[in-house]
Amino acid sequence: MLTEAGKAKIRDLIKTEFTTMKIGSGGDSTNPLATDLDAPISTTTATRISTGQSSLDFKATFNNLAGQTIKEMGIFNASGVMLGRVNFQTLGPFTASESIEVIFTVEVD
């Protein structure tokens, strides 16, 4: 069992190390051996916000998605190591004037 202080320390390490969010059009099920999204479309820097003793929100806005649909998102560090990936129901297609804000929540349990 992790202590509350240990959970907070892990949260802070993740917050410092993982800074990038990607979205993509792949929709395969998640695999713990995956190293990237199935079909990356766009990458941006994520804002990281501690939302509790053991949780962290990654938030990013994506623009220039004209004609695209998205079905997956992931969090990465500067070296390209993927922390996690989530797939979901198709969003889009987007118009040239649309953007999307995406939030990825990580909780250390």
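Arginine 48 stands opposite phenylalanine 58 of strand β4. This pair belongs to a predicted model, in which β3 (residues 47-50) and β4 (residues 55-62) are paired antiparallel through 4 bridges. The model holds an open sheet of 3 strands, ordered β3-β4-β7, and an open sheet of 4 strands, ordered β2-β1-β5-β6. Helix α1 lies across the strands of the β3-β4-β7 sheet and packs on the sheet that contains β1, β5 and β6.

**The sheet β3-β4-β7**

- The pairing in this sheet of 3 strands is antiparallel.
- Its edge strands are β3 and β7 (100-107), and each of them pairs on one side only.
- From one strand to the next, the twist averages 20°.
- Strands β3 and β4 make a hairpin, with 4 residues between them.
- Strand β4 is also paired with β7, in the antiparallel sense, and 8 bridges join these two strands.
- Within the β4-β7 pairing, aspartate 57 has threonine 105 of β7 opposite it.

**The sheet β2-β1-β5-β6**

- The 4 strands of this sheet also follow antiparallel pairing.
- Strands β2 (40-45) and β6 (82-91) each have a single partner strand and stand at the edges, so one side of each has no neighbour in the sheet.
- The average twist between one strand and the next is 20°.
- Strand β1 (residues 18-24) and strand β5 (residues 70-77) run antiparallel and are joined by 6 bridges.
- One residue pair across these strands is threonine 20 with phenylalanine 76, its bridge partner in β5.

**Helix α1**

- Helix α1 covers residues 4-17 and touches β1, β5 and β6.
- The direction of α1 makes about 70° with that of β1.
- Against β4, α1 runs at about 20°, and the helix lies across β3, β4 and β7.

**Threonine 20**

- Threonine 20 has its place in strand β1.
- Its relative accessibility is 16%; buried means under 20%, so threonine 20 counts as buried.
- Leaving aside residues up to four places away in sequence, threonine 20 touches Thr43, Thr44, Ala46, Gly74, Ile75 and Phe76.
- Among these contacts, Phe76 is also the bridge partner of threonine 20 in β5.

Conventions: Residues numbered from 1 in each chain as written. Predicted model: local features only at pLDDT ≥ 70, side-chain atom pairs only at ≥ 80, totals over all residues. Heavy atoms only, no water. Pairing = 2+ DSSP bridges. Axes fitted to C-alpha atoms, helices over the stretch in contact; angles between N-to-C directions. Contact = heavy atoms within 4.5 Å. Buried < 20%, exposed > 50% of the residue type's maximum accessible area, 1.4 Å probe, protein only.
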